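Biologist: Please take me through the surface and the empty spaces of this model, and justify each label as you go.

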Amino acid sequence: MTVTSMATEEASLLAPVSHPLDPLTAEEIAAASSILRSEQQLGARVRFETVVLYEPDKKAVLDFQPGGAVPRSAFIVILDNDTASTYEAVVSLDERQVVSWKHIPGVQPRVMFDEFVECEAMVRADPQFVAAIRKRGITDPSLVMVDPWSAGNYGYEEEEGRRLVLARCFVRSSPSDNGYARPIEGVTVVVDLNSMEVVRVDDYGLVPLPPEDGNYGAEFVGKFREDLKPLDITQAEGASFEVKGWGVTWQKWHLRVGFTPREGLVIHNVGYEDKGRVRPVLYRAALSDMVVPYGDPSKDHYRKNAFDAGEYGIGSLTNSLTLGCDCLGEIYYFDAVLNDGRGEPFVIPNAVCMHEEDYGILWKHTDWRTNQTEVRRSRRLVVSSIATVGNYEYGFFWYFYQDGTIQQEIKLTGIINTAAVPEDENPKYGTLVAPQLVGHIHQHFFNFRLDMDVDGGNNSVYEVNTVTEGPGPDNPHGNAFYAQATPLATESEAQRVVDPMSGRYWVVSNPSVMNSLGRPVGYKLMPGENILPFAHPDASIMKRAGFMQKHLWVTPYDRDETAATGPYPNQHPGGAGLPEYTKNDRSVDNTDLVLWYTLGYHHVPRPEDWPISPVAYCGFSLKPVGFFDTNPVLDVPPSANHAHCH
Ligand code: NI
């Protein structure tokens, strides 16, 4: 794709777009920024945080017929560095004009990538910082890595209204060395990103640099194991999916792929073809935000808790994936087209990987009397992307199975955040992972916004717990237990936590569509591993990431309620997002509803997580429950080479 400048001709503006949910093209991003820039006479010191598709009204999307007119608008967030003000705009690309423009007082847009780069250069050159590292024997500032951590909000008066980050620094021994092996302990640089200047350098005292390197790159490892034989995935006839623009069909599934700078991968309009009809399941699914609270209370670590979507834009930090390394087999890649700080488009080639995977057996039975075996192989469609946020990597994998199951799996890898400790110290709030190097205890909380549409717009939610029947005349032998359903009819009733000991799950059902057994059709949310936060209820992070306190939230659909932490979590004092959305305790019964699932991953670091963590997994599933009349995969054919199976 060629990135053209603002002089783009009208004709090419709409050329590649075929559906109202197609992400903005490079030409559209450039045009939207340029229209806004000229109409509002934006100065040189304006940063574009977001230039993204302004998704049309749900009804317009659902009523859209292929070949019909595709309405195109852009939603834009800008930060004016001169006045420290944030503005939101909607630009109509059809009418080539700004249709809405508002000042959003008292908020901070997320930290932008350009700011990372400028902040690092500025800190390295700061005389007070150079003096602080010199005290620690570091003479070459160009080898210092500066990680800007979002500042949070602790009610400090001098921080009010300033656009701040806290820089935590590490030093490399050479340009390709893993700097996280050597934290510059005790030094925190407070930076104002609006004026791009060092506010102050906090020095909490000298701790020596840890003595050992922590390198994992191939050039450092030297000797590799030699007993791995090739394992090749070949699909001589190609993949079984079809792609048209951003639309995908595969094995009765219909879905659309999307991408935004804040959320990364988005899945739209998911339906499953059944008896000749595509039955909707999900209107939109994406990560809505995430946060990583750390448990160390010391002066230079208590503020560590990054909101990697809302404060950093995990989509804009997405990797360009490589065939044979990140993904194996017949791959289809989607490029992501995003905006830079100047409002110009940039492309992340191969940002989303899609392929099929063999997933073991789908079902099997051997009739022991006749010795006849029926077995089918399972296959899944994988749609994934991987982001690098500073030291960590997060992979987001959506799996679609032939039996109607949708699974979200997060893969956590990369380098743990580290701190240095004096020799012989045994850290309470972390684990020694190398001599004088500690990985602090922390948690990763993800929230997924799942705009459900189970067989149509109006849905209800109920919770299922398995309970033991009390002894009595109906249960004389005490063996009885049963699954008990409880409706969750309002927002407050629907704030729930997991309970693996009662086999708890939640069902989204459509009360107006019955299956052949006369029961409402439904999909259930099956939790996987999960946990609650350990921070004290009064801690700042508990207010700023209030979504962590419940695993399930349900709200009636509102197009402005898009994120568990609200639109601007950066330096927000707290209470935004889900706690605010649900304050009026609205009904969620038989209505167009949104499920929000919070997933906590607990991380007590291990020495095996150093110098790079092997992938850890967590996730959840959406599974049909009475959505189909019977097992929907009886028609999956036996494997072509099934003769060899016997
Ligand atoms: Ni972790």
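Modeller: L206 is exposed, with a relative accessible area of 57%.

Biologist: Why is L206 called exposed?

Modeller: Exposed means over 50% relative accessible area, buried under 20%, and partly exposed in between, with a 1.4 Å probe and protein chains only. The 57% of L206 is therefore in the exposed class. L206 lies in the loop between β8 (197-203) and α6; helices (H or I, at least four residues) and strands (E, at least two) are DSSP runs, numbered from the N terminus. The C-alpha atoms of L206 and P422 are 9.3 Å apart, although 216 residues separate them along the chain.

The model is predicted: local features need pLDDT of at least 70, side-chain atom pairs count only at pLDDT 80 or more, and totals for chains, interfaces and linings use all residues. Residues are numbered from 1 along each chain as its sequence is written, and side-chain values use heavy atoms, with hydrogens and water left out.

Biologist: Is L231 buried or exposed?

Modeller: L231 counts as exposed because its relative accessibility is 65%. L231 is found in the loop between α6 (218-221) and β9 (242-244).

Biologist: What makes L231, I233 and L328 a nonpolar patch?

Modeller: Patch residues have over 30% relative accessible area and no salt bridge (a side-chain nitrogen of Lys or Arg within 4 Å of a carboxyl oxygen of Asp or Glu). Nonpolar side chains (Val, Leu, Ile, Met, Phe, Trp, Tyr) are joined within 5 Å, like charges within 9 Å. L231, I233 and L328 form such a patch on the surface, with about 290 Å² of accessible area together, by the Shrake-Rupley method with a 1.4 Å probe and, for residues, only the protein chains shown as cover.

Biologist: How many cavities are there, and what makes a space a cavity?

Modeller: On a 1 Å grid over the protein atoms alone, a cavity is a set of points where a 1.4 Å probe fits but cannot get out; lining residues have an atom within 4 Å of a point. The search finds 2 cavities of 30 Å³ or more. The largest has about 70 Å³ of space, a volume being the space filled by probe spheres set on the points, which are joined across faces, edges and corners. Of its 13 lining residues, the closest to the centre are E263, G264, L265, S385 and F396.

Biologist: What volume does the largest pocket have?

Modeller: About 1100 Å³. A pocket is an open set with protein on both sides within 12 Å along at least five of seven lines. Of the 43 residues lining the largest pocket, V52, Y54, F75, R559 and T562 are closest to its centre.
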